[in-house]
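Reader: Hey, I'm new to this one. Can you walk me through it, starting with what sits inside?

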Amino acid sequence: MIMLYGSQQDIDALTAHGAPDQVWTAEAAAKLHEFMGAWNQALVDSGEFVEARGLSAPAHARRVTLRGGVPVVTDGPYPETEEVLVGYTIVECESFDRATDIAAQLANEPHPEGAKFTHELYVDIRPIAEGAPEFEE
C-alpha cells in the first residue's frame, strides 16, 4: 500500500479555499490531476494496480482517543498543518523494491513554483499483512 499524506491547509490550497497567496491555479491543479491519472493508468496497464482512493478532507474526520480507558471523540478539523492520510494506492507487484520504485515516481508530481507545503512531501510504502506475499528485505 502506498499512502499519501497532506494537511487541511494543503487541501485548501489545491481546492482554491486557502489563503490567496497559497491557492493553486486551476491550471496547476489540472496538471497534478493529469499526472496522477497517468500514474494510475500506467499501473493499470502494467497489471500492478489493485485499488486507489482519495479520502475526504481532514475537516470531515473524527478521531477517537482513549482517556482513562474511555473513548473520547474529536471532530475535525485538526490544526490545518497536521499531516494526515489523504489517499492510498494498493499495488500488487513482484517485490517491496518495485513498490518503492512505483512510489518514487510521485517525486515528479507537478506543483506550482513557490508552492508552500506544511511539511516535507512524502509517501509511506507498507505491505498489507493479510494475504500479502512475503518480500525479502
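Author: Sure. The largest nonpolar core has 16 residues, and Ile2, Met36, Trp39, Val91, Ile102 and Leu106 have the most contacts inside it. A nonpolar core here is a set of buried Ala, Val, Leu, Ile, Met, Phe, Trp, Tyr and Cys residues joined through side-chain atoms within 4.5 Å.

Reader: Which elements give two or more residues to this core?

Author: Those are β1 (2-6), α2 (26-46) and α3 (96-104). Helix α2 gives the most, with six residues. Helices (H or I, at least four residues) and strands (E, at least two) are DSSP runs, numbered from the N terminus.

Reader: Where do these numbers come from?

Author: This is a predicted model, where local features need pLDDT of at least 70 and side-chain atom pairs count only at pLDDT 80 or more, while totals for chains, interfaces and linings use all residues. Residues are numbered from 1 along each chain as its sequence is written, and side-chain values use heavy atoms, with hydrogens and water left out.

Reader: Ok, back to the core. What does Ile102 touch?

Author: Leaving out residues up to four places away in sequence, Ile102 touches Ile2, Trp39, Leu43, Glu48, Val91 and Cys93. Contact means heavy atoms within 4.5 Å.

Reader: Glu48 is in that list. Which side chain does Glu48 meet in a salt bridge?

Author: That of Arg98, at 2.8 Å, N to O. Glu48 lies in the loop between α2 and β2 (49-54) and Arg98 in helix α3, so the pair ties together parts 50 residues apart in sequence. A salt bridge is a side-chain nitrogen of Lys or Arg within 4 Å of a carboxyl oxygen of Asp or Glu.

Reader: Is Glu48 buried or exposed?

Author: Glu48 counts as buried, at 10% relative accessibility, while Arg98 is partly exposed at 24%. Buried means under 20% relative accessible area, exposed over 50%, and partly exposed in between (1.4 Å probe, protein chains only).

Reader: How many salt bridges does the structure hold?

Author: Five. Among them, Lys31 and Glu27 meet at 3.5 Å, N to O; both lie in helix α2, four residues apart, about one turn of the helix. Another one joins Arg53 and Glu51, with the closest N and O atoms 3.2 Å apart. Arg53 is exposed at 51%, and Glu51 is partly exposed at 26%.

Reader: New topic: how many helices and strands are there?

Author: Three helices and six strands. From the N terminus on, they run β-α-α-β-β-β-β-α-β.
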